[in-house]
Amino acid sequence: MSERGEVAFGDARIRYEVVRSLRRRKTIELTVDEPGLVTVAAPEDMPAEQVEATVRRRAGWIIRHDGAEATVPPARRFVSGESLPYLGRAVRITVHPVDGTEVAVRFHHWQFDVNVPRSLRGEERNEAVRAAFEGWYRARAALKLPPRVERVASHLGVRPAAVLVRNQRRRWASCAPDGTLRFNWRAIMAPPALVDYIVAHELAHLRVRGHTPEYWAVVAQAVPDYRQRRERLREIGPHLRI
């Protein structure tokens, strides 16, 4: 059973996972793995209260390094000339007012053509277009992610029980104890190299559960430059949104 905790820092919630080691004497090492999730390497006999106190003391540093305070792009207006990310590229949006009742998104030649009913106005319009784009991204993620998972899994010598696409608010992906991988549909917005990092990050958990040195060694088998990819994902993560 993994040891986990959570502390509050202002409006932010910092989740952490404790990895204990007999080789570690007195020091604690914090690693920011993804927004709001921290791995704490701690001595085997250190009290949980002391670990939590350390996380609280370092909370400001954690927030600064996990992208939680990164500048959030302005809200989308879904008008012609805007763009949305897909596999690391900015795809231009062209809006076509129509007399129908449904928003339809079409992707071709690296452009989004969006049919938007003239009857839609204001926030109702924006929510309808946003929902249509989310549906498109979900479908594309369900199409594109499984082959990448299969390729990286073959390289690492593992096999997930299932590959699912979900709306995960704070995580790019997760690996359940039964071997099921769940990917945030927004992951398909990232460049292919970062998608492969997200995939390798979860597949490595099929061999090593915690974020130990052994775990990161498995990740490195698939993506040797995982540190650079992880840092890049933290930088652009806030911009991968609708």
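**Salt bridges, helix α1 and a helix crossing**

R234 is buried, with a relative accessible area of 15%. Buried means under 20% relative accessible area, exposed means over 50%, and partly exposed lies in between (1.4 Å probe, protein chains only). The model is predicted: local features need pLDDT of at least 70, side-chain atom pairs count only at pLDDT 80 or more, and totals for chains, interfaces and linings use all residues. Residues are numbered from 1 along each chain as its sequence is written, and side-chain values use heavy atoms, without hydrogens or water.

Stay with R234. What does R234 form with E231? The two make a salt bridge, and their closest N and O atoms are 3.3 Å apart. A salt bridge here is a side-chain nitrogen of Lys or Arg within 4 Å of a carboxyl oxygen of Asp or Glu. Both R234 and E231 belong to helix α6. They sit three residues apart, about one turn of the helix. Helices (DSSP H or I, at least four residues) and strands (E, at least two) are numbered from the N terminus. R234 is buried, whereas E231 is partly exposed at 37% relative accessibility. Elsewhere, R148, R151 and D196 are joined into one network by salt bridges that share partners.

How many salt bridges does a search of the whole structure find? The count is 11. One of them links E134 and R138, with the closest N and O atoms 3.0 Å apart. Both residues lie in helix α3, which covers residues 122-156. Four residues separate them, about one turn of the helix. E134 is partly exposed, with a relative accessible area of 21%. R138 is partly exposed at 30%.

Now look at helix α1, residues 48-57. Here E52 forms a salt bridge with R56. Their closest N and O atoms are 2.9 Å apart. The partners are four residues apart in α1, about one turn of the helix. E52 counts as partly exposed at 28% relative accessibility. R56 is partly exposed, with a value of 44%.

Which residues of α1 are buried? They are V51, T54 and V55. These residues cover an arc of only 100° around the axis, so they lie on the same side of α1. The arc is taken from the directions from the helix axis to the C-beta atoms. Turn to the face away from that buried side, and you meet the exposed residues E49 and R57.

The loop between β4 (37-43) and α1 holds D45. D45 is exposed, with a relative accessible area of 66%. Its C-alpha atom is 33 Å from that of V223, a residue 178 positions away along the chain.

Finally, return to α6, this time with a helix partner. Helix α4 (residues 192-203) packs with α6 (residues 226-236) at an angle of about 110°, and their axes are 10 Å apart. Axes are lines fitted to C-alpha atoms, for helices over the stretch in contact, and angles run from 0 to 180 degrees between N-to-C directions. The two helices are therefore roughly perpendicular to each other (65 to 115 degrees; under 35 is roughly parallel, over 145 roughly antiparallel, the rest oblique). From α4, the contact (heavy atoms within 4.5 Å) uses A193, L194, D196, Y197 and I198. From α6 come Y226, R229, R230, R232, L233 and I236. Seven of the contact residues are nonpolar, none is polar and four are charged. Ala, Val, Leu, Ile, Met, Phe, Trp, Tyr, Cys and Pro count as nonpolar, Asp, Glu, Lys and Arg as charged, and the others, Gly among them, as polar.
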